[in-house]
Amino acid sequence: MRYEIRVDGDMSETLAQAFPELEHVRMSGQTVLFGPVVDEAHLYGLLARCQSLGLRVLEMRRVPE
Amino acid sequence: MRPGWPIGPPLGPWVPSLLRVSVRTLDFGAVGVLPVIRRTAVVSAVSASSDNGPGPVAEGPDPLGDPFLRTRFAVPSRPATFLRRRRLCEHLDHALDTPLTMVNGSAGAGKTLLVADWAAGLGRPVAWLTLDASDQSPGLFWAHVLQALRERGVREVRKAGCPADAGSVAHALLARLAAELSGRDRPAILVLDEFDRVTAPEIADQLAFVLHHAGRGLRTVLVTRTEPVLPLHRYRAEGTLTEVRGAELAFTPEEAATLLARHGLRLPGGAVAALVARTRGWAAGLRLSALAAQRSGDPETYLKEFEAGHSTIADFLLAEVLGRQPARTQDLLLRVSVLDRICPDLADALSGRRDAGAILAELHRANAFVEHLGHDWYGLHPLFAEILGAHLRARSPGLETELHRRAARWLRHSGHLLEALAHGAAAGDWEFTARALVDDLAIGQFFTGLRSDDLGELFSRMAPDVTGPEADLVRAARELAAGAPARAGPYLEHARRALEREGRGRAAARLSCALLDALSARLTGAPGRAEHAAARAGEIKQDIAPGLLDRHPEVTALLQTHLGSARLWAGRFDDSRSALCAAAAGSEGVRTALPRQECLSQLALIDYLNGWTGRAERGALAALAEAERFSLSESWGSGLGCLVLAAVAVDRDELDKAEALLERAGAEQPVPPDPVTAAGRAIVRARLQLARGRTRAALETAESIVPSAAASPWAQDHTALVVSAAHLAEGRPEPAVKAVQDPACHRTACAVAAARAHLAAGNPDAALDLLDGLPAEEGAGPAVTVRAMLVRAEAADRTGDHDTARRLVGRALLDAGHERLKRPFVESGPWIRRLLGTDPVHGPGRDRPAARCGGASGAEPCALPSPTLLVEELTARECDVLRRLAQLMSTEEIAADLFLSVNTVKTHLKNAYRKLGVNRRGEAVRRARERGLL
């Protein structure tokens, strides 16, 4: 499954590397992380990672393959 | 700021008081690592209490076996610039009125400091626990909670016991804890910080249970980033929940202005409002922006630019602040981000320089990034540690592994084993990690103590290509802990050969190998190998570094237990008892709780096998009490205590109880890996089936094979006994004799069974000869001697010597009465009922005057109580049932005899009891006789 996580703010290149498994794109003051998510555990792990890095998650959705 | 709180000299233009220090990082370090300021806070909170008195600072050994844990129970200190916000404190005061309070918000929202400040200002003891990612197992979690309460002088928890098994906590323990707490007149206050680290759903359930039943005796405050899996909606509906949520934690512009002023930044109102809007009142963001602005030439312009930007806040600000540090400081901060706790020496080990002490002191003085934890230890705010970690990986890919490796070596060298293992595993350096564990003689902790799950989990990640005897020992230990000695064998063999080549070195590894060998021998039923391993262990102990064995009492306890169990399997009861007793009497404590409990169960089994029913019951109950006290779940000796109790219940003819106990014993592990338990279970089940009259099933059960290297004489004997009894029950005395005549059968019990079979075959002389030939004293208990006496009595009865028969039965009743043995009488068959029927005896109840039975006449008048009138007449059917009851028939037998269902018989009995005004069988028969109803 593929997911898209939209966080508030322009994420630095350095911080984006905290999500090596995802690609990212910055647009209008937001950063979208996207890519394949292995399973539920991975999904919740990504959310926890956002939280522990102080990121504000605005939206998270599953995208068609 | 609270009056009297040491504000101290101004610490610099800005002080990010939000550097919430994770006290979890304090697991290790020097004893007494508690920072002075923290201690002040705790002591003042404690001394102000009126009802609890000061919490005991240290009492005996720490049940968790970790002297450094205490720091996790301390209320964190607040930095000098901490801003106390009255609205939040007032809201938190409601926590005293509701059982549960939840403070939640994102990382860096200021949750911990808020609660810490509130707790310190309460003027009464507050039990504080900062959770750790390794507290995932219920046993560990509750052990910490109990310890946190104990530290604050909550005396009630002492009666609750202490879990010693990582994976489980007994429900009874929680119930006791809740009950004890509910009796308090002032509630105990418990703060669980970083509760989001607890993800196991059963812990949430258990917490909900305790909260509910402790009632007014406990007030719990959860500090968490995520909502716990508790029935919060219900608490809200009941009004039993106080909630402080993220929005409330956010700083208002006024508060932000005060905070910034405290950091030496005075901004116009509009600028502050804009900053609050940009950071959404997020405390960490405010502090970081103050810090970044302070380091720039023109704070106001800087902040304006920041407000206009779109960067992610913490990331951007932290990069800014980091970028303004000297290169050496930056390098050090990035490197120490892999650590939970930092001390200068350890930081030097990571950086390869010698300047960490000065840099850390300077960072702390400026209150940037690090918080001082006491003595020479520092911690990073988790939020910053995460972001610094991201920077580290971006700047120096691959360095992280090397840093973990260095940290592991330093920690190992400084005696912090658990942390060394964690870093070694993180570095993927398994050879080192396995060796660190084995050299510390900690291999026994795979089997006992609160860390067993952690260790198993940690080493489950070990790659299969790691070589070396230590790695093989760890693999063997994991297989053995899982009850698979066959899979452990090759690893053990491999390790043993490698260690032999080493000669006299590596004593800890050799001792570990001997310990695992003893366990493997025990589980495969190879007593000779176990003896050999134990002897080898005894020799190696001379070479072990002094003090190491004292730190690991579980090694000796486990060795003795395995040796005792192997000897028990071999039927060497006396030798077994000496080993088991030594372990049972060994050091008290959490890590030896499991072997102690196992030894008690096995000692009880020995008593049962020797025929000492009452003693076996007491021993088994003691073992179960120990298991409950420490919340031990079942392990290799799975349910042996229950099994012994079931066996005792069969001998007492309490078949339903036996069935329930047997079920309980087998619930955890359908196939116990330990042959002693497996054989014991087969025997008890077969005996129960016999008693229920299911002879074919009993034969099948008894003859089921317990795989083992060497045969066990008592297991064989008892199988033969069951087989013999089954044949006898089906009226085949010849095979019954044959079953117990095997030369391997040498125990008294077998001779008695053979005699019984001879008797049934119509050969009383042969029976008596057999019994007369028995050695006078073999230490056999009543379960055996009573049966022997009954055989003699039956023989006498057959030869027409009724007086002797009666005298013998009388003695048997007397002996059996003490132990409440019933089964031997039921087994003996109808003749004894005839014999007893002529005499007013009422079965071997505990209350019957057995001596009367010895009197030849049996006509001794008994003082009849004035006959009370029967309110209701007994029905004919009830009389039928009562008559059979008087013949000592069981409920099942009565049912069969009268062609009724067991339940119908029970109903008749109940009605008869009611009409007679009694509640026991013996009494019912007596009362019925008194009234001439029989």
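The exercises below, each with a worked solution, deal with a predicted model of chains A and B.

Residues are numbered from 1 along each chain as its sequence is written, while chains are lettered from A and ligands numbered from 1 in the order in which they are written. In this predicted model local features need pLDDT of at least 70, side-chain atom pairs count only at pLDDT 80 or more, and totals for chains, interfaces and linings use all residues; side-chain values use heavy atoms, with hydrogens and water left out.

**Exercise 1. The interface**

Task: Describe the contact between chain A and chain B, starting from how many residues of each chain take part.

Solution.

Step 1. Contact means heavy atoms within 4.5 Å. By that rule, 16 residues of chain A meet 17 residues of chain B.

Step 2. Buried area is the accessible area (1.4 Å probe) that two parts lose on being put together, summed over both. Between chain A and chain B it comes to about 1400 Å², with carbon and sulfur atoms giving 55%. On the side of chain A, the most area is lost to chain B by Thr14(A), Gln51(A) and Ser52(A), together 35% of what that side buries.

Step 3. A salt bridge is a side-chain nitrogen of Lys or Arg within 4 Å of a carboxyl oxygen of Asp or Glu. The count between the two chains is one. Arg280(B) and Asp8(A) form a salt bridge through their side chains, at 3.2 Å from N to O.

Step 4. Helices (H or I, at least four residues) and strands (E, at least two) are DSSP runs, numbered from the N terminus. Helix 1 (13–16) and helix 2 (40–52) of chain A each supply at least two residues of the side that touches chain B.

Step 5. Ala, Val, Leu, Ile, Met, Phe, Trp, Tyr, Cys and Pro count as nonpolar, Asp, Glu, Lys and Arg as charged, and the others, Gly among them, as polar. On this basis the side of chain A that touches chain B has five nonpolar, eight polar and three charged residues.

**Exercise 2. Chain B and one of its helices**

Task: Summarise chain B, then state which residues of helix 13 of chain B are buried.

Solution.

Step 1. Chain B contains 47 helices and seven strands.

Step 2. Buried means under 20% relative accessible area, exposed over 50%, and partly exposed in between (1.4 Å probe, protein chains only). Of the 934 residues in chain B, 59% are buried.

Step 3. Take the contacts in chain B between residues at least 6 apart in sequence: 72% of them join residues at least 24 apart.

Step 4. In helix 13 (residues 313–323), the buried residues are Ile313(B), Ala314(B), Asp315(B), Leu317(B), Leu318(B), Val321(B) and Leu322(B). They pack against helix 1 of chain A, and also against helix 10 (269–279), helix 11 (283–295), helix 12 (299–308), helix 14 (327–336) and helix 17 (382–395) of chain B.

**Exercise 3. Two residues with positive phi**

Task: Place Glu194(B) and Asp653(B) in the chain, and decide whether each is buried or partly exposed.

Solution.

Step 1. Glu194(B) has phi near 55°, a positive value in a residue other than glycine. The loop that holds Glu194(B) runs between strand 3 (188–193) and helix 6 (201–214) of chain B. With a relative accessible area of 5%, Glu194(B) is buried.

Step 2. For Asp653(B), also not a glycine, phi is positive and near 65°. Asp653(B) sits in the loop between helix 31 (640–651) and helix 32 (655–667) of chain B. Its relative accessible area is 21%, so Asp653(B) is partly exposed.

**Exercise 4. Salt bridges in chain B**

Task: Work through two salt bridges of chain B, Glu255(B) with Arg87(B) and Arg496(B) with Glu493(B).

Solution.

Step 1. The total over all chains is 70 salt bridges.

Step 2. The side chains of Glu255(B) and Arg87(B) come to 2.6 Å, N to O. This pair links distant parts of the chain, 168 residues apart: Glu255(B) is in helix 9 (residues 253–262) and Arg87(B) in helix 2 (residues 86–93) of chain B. Glu255(B) is buried at 12%, whereas Arg87(B) is partly exposed at 32%.

Step 3. Arg496(B) and Glu493(B) are joined at 2.5 Å, N to O. Because they are three residues apart in helix 23 (residues 485–502) of chain B, about one helical turn separates them. Arg496(B) counts as buried at 18%, and Glu493(B) as partly exposed at 30%.

Step 4. A network of salt bridges links Glu493(B), Arg496(B), Arg497(B), Asp517(B), Arg529(B) and Arg536(B).
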